[in-house]
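Trainee: I am new to this structure and would like to learn how its descriptive terms are earned. Could we go through them with the model in view?

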Amino acid sequence: MCRRPGSVPLAAQSPRPSPWRCPAGRGCVPRLPRGGGSSARPPLLQPVGMASRPRSSPCLFWKRILCIFFLPCILSGFSPRVKHKKNLLSGKAQPQLSQYSRFIWSRLTPLELRNRSVGLQTESRVGSNPYFTLEGHKFLIFGGSIHYFRVPREYWRDRLLKLKACGFNTVTTYVPWNLHEPERGRFDFSGNLDLEAFVLTAAEIGLWVILRPGPYICSEIDLGGLPSRLLQDPQVNLRTTDKGFVEAVDKYFDHLISRVVRLQYRKGGPIIAVQVENEYGSFYKDKDYMPYLQQALLKRGIVELLLTSDNVDDVLKGYIKGVLATINMKKFRKDAFQHLYKVQRDKPIMIMEYWVGWFDTWGSKHEVKDAGDVKNTVSEFIKFEISFNVYMFHGGTNFGFINGAINFVKHTGVVTSYDYDAVLTEAGDYTKKYFKLRKLFGSILAVPLPPLPELTPKAVYPSTRSSHYLPLWDVLQYLNEPVMSKMPVSMENLPINNGNGQSYGLVLYETPICSGGQLHAHVRDVAQVFLNETTIGILDDSIRNLKIPEVKECQLLRILVENQGRVNFSWKIQNQQKGLTGPVTINNISLEGFTIYSLEMKMSFFKRLRYAPWRPVPNSYSGPAFYRATLRAGSSPKDTFLRLLNWNYGFVFINGRNLGRYWIIGPQETLYLPGAWLHPEDNEIILFEKIKSGSVIETTDQPVL
């Protein structure tokens, strides 16, 4: 008999094939339940000649009319859909995961789909939810974020295999402009920045790729991924169609997009979608900016699906007409889609960032999110046929000086670890979230999941102590030639690096003074002030005045300023010049005649430092200095974590590589040290400690957060 709208779906009555299971993308004709046996339900439509009533029966005639009228309602029960997505607004839909047939995507991988023409598309039909198709096959995106630039290249395959083994079918990644074009016209896509190799590795493993090329990416990276040289001219408005900004973007895109065009789906590659900029609705300074970037991608050969990404309340300002709008959220809320529906009602829903954790900042507590909540939220997405991207699947590490910062109340840097309480840990280990999601995906995917890759082995090495040290003042001769300037110059405007200024690290300003008084200076982000080699005090964004004691004869005023990370979110990116950003005065009299040293701490600097006259370490030393120690890793180095007991604040370099910042205030207490970066046997550790020497350097096989 025909069922009324709202009656129990046929999926709840008996097993049935699903459109998701159709071979080679062909449409399946739903099989009707067969009669027979006392427990058999009556057939949906009785074939002519099998009914007990004659053909001319008025009752049968009206049954046929009713069946024809309600047939679309009944047949809708044969798809995985439970309710039309408008019910997300009304809150009436309460589907159960058990109502779903298993999804078969074994043929929808880069290795299996050889003949390609249409790529990722959206479809909308009357009486059904809009949905994605891939080469005509209905498709849900199960995405997970991994940032190649935060993971040692040697571990890319391991992390991607773990993504695949968990049940995901897509990897998403940002592309950091500031790392790929460190100087105008000089591009770096080598080693850990080999984007093409990362994308091709994903394809080999059987994962699709959604590329997020910026130019702005946020991502808790310095200046949201924009090169700091863009701050040299304060008249250039970032993230707008200002000539100075878009000309720089165009030159970068000329190079970047030419590398990824061949990696698109229709070219035989794994890239199925490309994002236009990032979360522009929360910035929104120029209505022409996003359409400009859309055209910039199209005219350089991007042919795959374009999309935007915004927070749920900003999508009205961030979307582009004709481009798929996606949203970001931290938990499933049915009212979160109201603004999205104002933009598009005939497109599938995509959660571009589902935040399964959060980043940490110095001096705050470690952020965590319950694994059960994550599993439940992802389950809700699947029930409502919502494609999603887990941010982060694997966070990795802010190696070097690349971390960003926030400044909602005060400037606070993001910690070195980008663990993010993600599905995999910073070191690539499994978590409760991983196993819960894997169990969930395994219950709805028809093909068994791949076996779990083995854990990356960890080791605890013998503790060590620094044997020699060099005060900062002894190191100045090993730096590049200093800049001589009448007035202070910000880090970005230093005439170094072929006119590109300095992006990261510290700057030391020196000028002679012959009297004391009230020192006033604007610094970003924090400065240590010295008379010769004696510490006088600290300056930062909130402390701009310092009492300088009277001097009997002229002395050297030294101001050591550190960039703790440029803000990566909000309109404040416009004013992120670092160093001394204005005049320096004593008793309102401007100081002149500065010698400015750039401490970028590049690999070449540490090579020169090998020839310096290192001194034996005293029992205790206060002030900025370099400390040298040796880590003995044996014949087969493995991953480990450095723990710096009683050290205060500084940076760790292992064989010349910058592992990142440590700080006694936490929450991060250990630094991840990849075994792939260790040499067999002896490894050189150099600490740049800014405040006071510590004692022992330990290793552990577990992070301390």
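Trainee: Are Glu353 and Arg212 called buried or exposed?

Mentor: Glu353 is buried, and so is Arg212, where buried means under 20% relative accessible area, exposed means over 50%, and partly exposed covers what lies in between, with a 1.4 Å probe and protein chains only. Before going on, keep in mind that this is a predicted model, in which local features need pLDDT of at least 70 and side-chain atom pairs count only at pLDDT 80 or more, while totals for chains, interfaces and linings use all residues. Residues are numbered from 1 along each chain as its sequence is written, and side-chain values use heavy atoms, with hydrogens and water left out.

Trainee: What makes the contact of Glu353 with Arg212 a salt bridge?

Mentor: The term asks for a side-chain nitrogen of Lys or Arg within 4 Å of a carboxyl oxygen of Asp or Glu. In the pair of Glu353 and Arg212 the closest N and O atoms are 2.9 Å apart, so the definition is met. Glu353 belongs to strand β10 (residues 350–355) and Arg212 to strand β6 (residues 208–212), so the pair links distant parts of the chain, 141 residues apart, given that strands (E, at least two residues) and helices (H or I, at least four) are DSSP runs numbered from the N terminus. The structure holds 31 salt bridges.

Trainee: How do you know that Arg266 and Glu304 form a salt bridge, and what does the pair tie together?

Mentor: The closest N and O atoms of Arg266 and Glu304 are 3.5 Å apart, which again satisfies the definition of a salt bridge. Arg266 lies in the loop between α6 (243–260) and β7 (271–275), and Glu304 in the loop between α7 (289–298) and β8 (305–311), so the pair ties together parts that are 38 residues apart in sequence.

Trainee: Why is Arg266 called partly exposed, and why is Glu304 called buried?

Mentor: Arg266 has a relative accessibility of 33%, so it counts as partly exposed, whereas Glu304, with a relative accessible area of 4%, is buried because that value falls under the cut-off.

Trainee: Which parts does the salt bridge of Glu562 and Lys690 tie together?

Mentor: The side chains of Glu562 and Lys690 meet at 2.6 Å, N to O. Glu562 lies in strand β23 and Lys690 in the loop between β34 (682–689) and β35 (696–700), so the pair ties together parts that are 128 residues apart in sequence. Glu562 is buried, and so is Lys690.

Trainee: Why is strand β20 described as largely enclosed?

Mentor: Six of the six residues of β20 (residues 526–531) are buried, so the strand is largely enclosed by the rest of the structure. Val526, Gln528 and Phe530 point one way from β20, while Ala527, Val529 and Leu531 point the other way, and all are buried.

Trainee: How do you know that β20 pairs with β21 and with β23?

Mentor: Two strands pair if DSSP finds at least two bridges between them. Six bridges join β20 to strand β21 (residues 534–540), and the two run antiparallel; β20 and strand β23 (residues 555–562) also pair in the antiparallel sense over six bridges, so both cases meet the definition. The bridge partner of Gln528 in β21 is Ile538, and Leu531 stands opposite Leu557 in β23.

Trainee: What makes the phi of Cys218 and Asn498 worth pointing out?

Mentor: Most residues other than glycine have a negative phi, and most peptide bonds are trans. Cys218 has a positive phi of about 65 degrees although it is not a glycine, and Asn498 likewise has a positive phi, of about 60 degrees. Cys218 is buried, with a relative accessible area of 7%, whereas Asn498 is exposed, with a relative accessible area of 70%.

Trainee: Where are cis peptide bonds found?

Mentor: The peptide bond from Arg524 to Asp525 is cis, with omega near 10 degrees, and Asp525 is placed in the loop between β19 (523–524) and β20. The bond from Gly666 to Pro667 is also cis, with omega near 10 degrees, and Pro667 has its place in the loop between β32 (657–663) and β33.
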